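Hi everyone, thanks for coming. I'd like to walk you through one structure today, going from cysteines to salt bridges and then to strands and a helix. Please have the viewer open.

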Amino acid sequence: MAAVQGGLADTNEEKDIKTEPSSDGFGNNNANDGRVLSTSPGSSASAGINKSATGAPEDQQTLLAVLQFLRKNKLTESVEILRREAGLPEDSPELKGSDSSGAGSGGAAGSGDKEGGDASSLLSRVTISSSANLATTVTSSVTAAGEDQPDVNVVLSAYNQQGDPPLYQVYYSGLKKFIESVLDCHRAELSQLFYPLFVHMYLELVYNNHESEAKAFFEKFSGDQECYYEDDLRVLSSLSKREHMRGNETLMDFRTSKFVLRISRDSYQLLKRHLQERQNNQIWNIIQEHLYIDIFDGMPRSKGQIDAMSGSLAGEGKREANKAKVYYGLLKEPEIELPLDDEDEEAENEEGKPKKKKPKKDSMGSKSKKQDPNAPSQTRIPLPELKDSDKLDKIMYMKEATKRIRLGPDNLPSICFYSFLNAYQGLTAVDFTDDSSLIAGGFADSTVRVWSVTPKKLRKVKSAADLNLIDKESDDVLERIMDEKTASESKILYGHSGPVYGISFSPDRNYLLSSSEDGTVRLWSLQTFTCLVGYKGHNYPVWDTHFSPHGYYFVSGGHDRVARLWATDHYQPLRMFSGHLADVTCTRFHPNSNYVATGSSDRTIRLWDVLNGNCVRIFTGHKGPIHALAFSPNGKFLASGATDGRVLLWDIGHGLMIGELKGHTDTIYSLRFSRDGEILASGSMDNTVRLWDAMKAFDDLETDDFTAATGHVHLQDNSQELLLGTYMSKSTPVIHLHFTRRNLLLATGAYNP
């Protein structure tokens with residue numbers, strides 16, 4: 001793959017991309033515009049100097065300046081590469097001259113410089129139209145490691161140099177006219193340039209106090225942008241003065257992150273040729289500074305394929321970002337033997353059918369003993385050991401699994417809807433325990449409420465004085481420690497000082513997590529119904545939190561754009577997942593607990609490795625903030641839902657979008673796969689639950705598509721074929737879904753009269 005970072009150059013073609021020295025009348029001083037365009041990421045020095053032009057004095061000067069800079073930074077390997085590329089022999093007097101001038105003693109031999117030849121004066125001669133200094137034109141690898149994020153002034157200074165303001169419309173119109181005139185197959189790809197160029201040209205005009213020109217530019221071209229950028233353009237239109245730009249989050253996003261465009265090599269060549277012929281340096285500079293062009297070999301993509309992947313704040317995800325190995329397989333289930341026999345005795349007492357049950361459980365056990373080849377090792381991350389109570393619960397789960405209903409297109413699940421009536425406190429979050437015995441709700445009045453949905457009432461543990469009187473050796477000690485006087489159908493937990501936006505039960509049903517606008521995540525005991533810990537790390541509202549399927553770990557995400565990984569026994573986060581450009585709105589653990597998925601208002605989904613904190617997948621395609629995520633039970637696929645009303649399906653192993661489910665008319669707030677992964681349920685603010693044929697969606701995939709170097713697949717528009725049913729509530733938005741262990745679907749929401 002050849003990729004372009006900050007410039008219109010790829011590794012095969014840098015040699016002919018140097019702009020000719022000119023004063024082009026566009027307001028740019030290009031008297032010595034011999035910029036070295038950066039090569040693809042990973043190359044250690046720019047080799048983009050035209051061999052045939054090195055004889056000219058100004059080109060010679062540029063070459064020597066770059067060589068001196070590299071030597072000064074002890075990049076000897078880069079010096080050798082550049083020397084070979086420029087065709088200079090090792091004993092060249094120019095190189096010796098650059099050595100001596102690098103030491104500050106001699107002039108640059110052969111350059112004809114009469115005004116002093118030390119490195120600093122020579123470097124100062126290399127004119128660069130954009131604000132980037134020579135260090136950024138070599139490559140990012142020259143930059144000092146560990147450099148801090150740029151502050152606002154540094155960020156904004158990129159807009160200091162600009163062309164003639166009235167000509168901005170001419171530049172943009174010229175490019176637009178060119179793109180509209182090319183063949184249809186290239187037009188769709190090159191049209192991706194319109195939005196990022198429009199944004200940066202507008203911001204340059206605003207920063208340099210050309211308000212009237214900026215307003216005229218915005219009014220003329222804002223209507224040409226894709227409809228899914230409407231919200232961004234609304235924010236942009238409010239930035240009409242230079243003062244508005246300081247501290248503005250949207251501007252910082254645009255400025256500090258390169259907008260990623262994925263373009264075929266043929267389309268890229270057309271664009272490069274056009275910009276060279278027209279010497280349109282204003283647009284060239286913006287492409288160098290603010291865009292990352294990801295070039296692929298093959299047929300150009302269609303408008304539909306591009307639209308499916310576009311829409312995020314920073315363009316598409318780089319293909320390189322999705323090539324890391326992901327261990328998406330499930331961990332081997334622990335072998336449970338002794339408690340299994342005990343449980344069988346109980347089953348024999350109760351039902352008198354031990355022989356019939358035992359082989360079923362054995363088959364379950366043998367099935368789980370096979371190690372998935374795509375699974376991480378058991379010890380890749382430390383997981384908590386199973387307690388006796390966990391083993392008993394596993395046995396119960398196996399028993400339930402033998403009675404599970406096998407779902408499919410001809411056998412849809414029953415749906416039980418829990419409506420919260422008179423929820424004047426404002427229901428904001430809901431969760432069920434895995435065994436479906438408890439339901440918890442987070443409310444806008446800062447309370448958390450827990451209900452029992454079985455006849456068994458909620459009871460607190462007795463006081464310390466009463467516990468001392470209990471015979472600890474008795475068989476029913478777990479029952480004796482509970483205080484019958486406190487039995488009730490629901491409990492209210494007080495502690496937060498703001499609306500509760502996220503809620504999650506631990507797998508063993510002993511704990512409950514809640515996250516709030518007050519910036520904290522609280523851990524509640526479901527034995528005492530009191531708060532055990534308040535985790536403070538977020539500085540702003542925490543929108544979501546989720547327990548690991550194995551317990552102990554949990555993840556949280558909020559307005560500070562960072563997701564944090566915690567352990568229940570640590571008051572500081574273990575990992576901080578930083579990379580999103582806007583709020584982290586939802587979080588979800590992978591079934592093997594080794595990965596965390598986060599959805600964001602920047603319209604991207606990221607998959608993070610718990611072991612090292614690295615981002616291993618970036619998925620783009622949603623046109624609005626993401627509010628729902630769900631992993632398939634086998635760990636291979638991810639479903640996401642957003643305010644755009646679309647459900648997108650992703651293949652985690654290959655890092656590709658593999659399906660799009662359209663039908664909802666409002667924000668999707670919850671997604672769940674059935675226990676065996678055959679059915680995907682989606683709940684939305686449009687008051688409906690929809691069921692989709694997940695097996696068909698995944699089975700219809702052509703595996704040949706995954707090997708395509710283009711990094712995209714052709715999506716079928718088959719939503720209606722995959723839609724198995726739509727179920728409407730009277731007037732209740734669906735904010736949470738849950739499949740029981742027997743595949744009954746539970747749905748919840750607050751009735752909205």
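Let me start with a definition: a disulfide here is a pair of cysteine sulfur atoms within 2.5 Å. Please keep in mind that this is a predicted model. How many disulfides does a search of the whole structure find? The search comes back with zero. If you'd like cysteines to look at anyway, try C586 and C615. C586 counts as buried because its relative accessibility is 4%, while C615, at 27%, counts as partly exposed.

Now to the charged side chains. The count of salt bridges comes to 25. Let me pick out a few of them.

Take K176 and D224, whose closest N and O atoms are 2.7 Å apart in a salt bridge. Where do the two partners sit? K176 belongs to helix 7, residues 168–181, and D224 to the loop between helix 10 (211–221) and helix 11 (230–237), so this pair ties together parts that are 48 residues apart in sequence. D224 is partly exposed, since its relative accessible area is 34%.

Next, please find E316. One salt bridge joins the side chain of E316 to that of R262, with 3.6 Å from N to O. This pair links distant parts of the chain, 54 residues apart: R262 is in strand 2 (residues 259–264), and E316 is in the loop between helix 16 (303–309) and helix 17 (338–351). Are these two buried or exposed? R262 counts as buried at 4% relative accessibility, and E316 counts as buried at 4% too.

E316 also meets R301 in a salt bridge, at 2.6 Å from N to O. R301 lies in the loop between strand 3 (291–296) and helix 16, and E316 in the loop between helix 16 and helix 17, so here the parts being tied together are 15 residues apart in sequence. With a relative accessibility of 1%, R301 counts as buried. And while we're on shared partners, there is one network of salt bridges that joins D393, D434, D435, R509, R675 and R741.

On to the strands. Look for an open sheet of four strands, in the order 27-28-29-30, with antiparallel pairing. Which strands stand at the edges? They are strand 27 (668–673) and strand 30 (723–728); each has a single partner strand, so one side of each is left without a neighbour in the sheet. On average, and ignoring direction, neighbouring strands of this sheet are turned by 15° against each other. Inside the sheet, strand 28 (residues 679–684) and strand 29 (residues 688–693) run antiparallel and are joined by five bridges. As an example, A681 has L691 in strand 29 as its bridge partner.

Let me move to strand 13, residues 520–525. Five of its six residues are buried, so strand 13 is largely enclosed by the rest of the structure. What does strand 13 pair with? With strand 12 (residues 511–516), the pairing is antiparallel over five bridges, and L513 has L523 in strand 13 as its bridge partner. Strand 12 and strand 13 make a hairpin with three residues between them, and G519 in that turn has a positive phi of about 85°.

With strand 14 (residues 530–536), strand 13 pairs in the antiparallel sense over six bridges. S525 stands opposite T530 in strand 14. This is again a hairpin, with four residues between strand 13 and strand 14, and the turn holds F529 with a positive phi of about 55°.

Last stop: helix 2, residues 76–86. The buried residues there are S78, V79, L82, R83, E85 and A86. Why do I say they line one face? Seen down the axis of helix 2, the buried residues fall within an arc of 165°, so they line one face of the helix. As general background, an α-helix has 3.6 residues a turn, so residues three or four places apart point the same way. On the other side of helix 2, you'll see T76, E77 and R84, which are exposed. Right after helix 2 comes G87, with a positive phi near 75°.

That's my tour. Thanks for listening, and I'm happy to go back to any of these spots in the viewer.

Definitions and conventions:
Residues are numbered from 1 along each chain as its sequence is written. This is a predicted model: local features need pLDDT of at least 70, side-chain atom pairs count only at pLDDT 80 or more; totals for chains, interfaces and linings use all residues. Side-chain values use heavy atoms; hydrogens and water are left out. Buried means under 20% relative accessible area, exposed over 50%, partly exposed in between (1.4 Å probe, protein chains only). A salt bridge is a side-chain nitrogen of Lys or Arg within 4 Å of a carboxyl oxygen of Asp or Glu. Helices (H or I, at least four residues) and strands (E, at least two) are DSSP runs, numbered from the N terminus. Two strands pair if DSSP finds at least two bridges between them. Axes are lines fitted to C-alpha atoms, for helices over the stretch in contact, and angles run from 0 to 180 degrees between N-to-C directions. The arc is that of the directions from the helix axis to the C-beta atoms.
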